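Me: Please take me through this protein step by step, for I have not met it before.

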Amino acid sequence: MIEILIGSLLGVFGFTEAVDTKPPAQGTVNLTQQLTPGMPMRESVTLEPMSQLQFRNVIRQAYDYSCGSAALTTMLDYFLGRDLQERQVMEGLLRYGEADKIVERRGFSLLDMKRFVAALGYKSGGFRAAFSDLDELEHPALVPIEYAGFKHFVVVRDVYNEHVFVADPALGNISFTRARFEEIWDQNVLFVIYPSGQEPKNAMALTEKDLRLVDDRTVSMLAFREFSQITKFTTNQADELGSGGDIKYIRRK
């Protein structure tokens, strides 16, 4: 009896050594397809939760008033290859921006961002633009939008087939039709950061997964429900941003 038990244990041990019996990775699903009679094909695919896809390469804002710092962190990390946390960016904006006004308005302005990225060694610029300028941008741009009286910052990743693909620090990766985006684009303002040329590949570039278009009714239902008035962008700030003489368009070659 003992010999039989030992033999069984040795058999199980030999099987586990020869065959990978580790539990599948989380999200792995085995699919079986009947290609020909008697010859099914079995393969494993890994499913990624929609929540992870939604916020892939997007910094999610930690506070109601921090959309500006989260959007800027998204650009710095996934476009320029930095490795920063939103808290670090917030501290930098407070240090190099207009701290008193930041506290008063409970949010960050584009001028605060311009000063902070200059301290990081980047040139940047803000300007008013037409949609055609947005369509010709070669790199992501940070833009203010306004919906139902509330102001918000997002990053425009690219424009494709009359749709604007956006990295939203509150909602993740979403898209708008051109008409809808033009309705909410606040004063047609863009803020761009000029790369130094030493950055890694742009992680915010569109992929096949991104080219699924979000139904506008879904966006209207989900987007901007409970936003606080996070930040303000005034004409005076736009003029001040444009006074540095470094405002240039970044166009596709």
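The following exchange introduces the model, its cores and several of its elements.

Reply: This is a predicted model, in which local features need pLDDT of at least 70, side-chain atom pairs count only at pLDDT 80 or more, and totals for chains, interfaces and linings use all residues. Residues are numbered from 1 along each chain as its sequence is written, and side-chain values use heavy atoms, with hydrogens and water left out.

Me: How many helices and strands does the protein have?

Reply: Helices (H or I, at least four residues) and strands (E, at least two) are DSSP runs, numbered from the N terminus. On that basis the count is 10 helices and 8 strands.

Me: What percentage of the residues count as buried?

Reply: Buried means under 20% relative accessible area, exposed over 50%, and partly exposed in between, with a 1.4 Å probe and protein chains only. Among the 253 residues of the protein, the buried share is 41%.

Me: Which helix gives the largest share of the largest nonpolar core?

Reply: A nonpolar core is a set of buried Ala, Val, Leu, Ile, Met, Phe, Trp, Tyr and Cys residues joined through side-chain atoms within 4.5 Å. The largest one has 28 residues, of which Leu72, Leu76, Met113, Leu142 and Ile193 touch the most other members. At least two residues each come from α3 (67-78), α4 (86-96), α6, β5 (150-160) and β8 (189-194). The largest share, 5 residues, is supplied by α3.

Me: Is α6 largely enclosed or open?

Reply: The buried residues of this helix are Leu110, Leu111, Asp112, Met113, Lys114, Phe116 and Val117. Because 7 of the 10 residues of α6 are buried, the rest of the structure leaves this helix largely enclosed.

Me: Where is Gly107 found, and is Gly107 buried or exposed?

Reply: Gly107 lies in the loop between α5 (99-105) and α6 (110-119). The C-alpha atom of Gly107 is separated by 9.8 Å from that of His152, 45 residues apart along the chain. Because its relative accessibility is 2%, Gly107 counts as buried.

Me: Which residues cover the two faces of β8?

Reply: In β8, 6 of its 6 residues are buried, so described as mostly covered. The buried residues on one side are Val189, Phe191 and Ile193, and on the other Leu190, Val192 and Tyr194.

Me: Which residue in β8 stands opposite Gly125?

Reply: Two strands pair if DSSP finds at least two bridges between them. Strand β3 (residues 123-128) and β8 pair in the antiparallel sense over 6 bridges. The residue of β8 opposite Gly125 is Val192.
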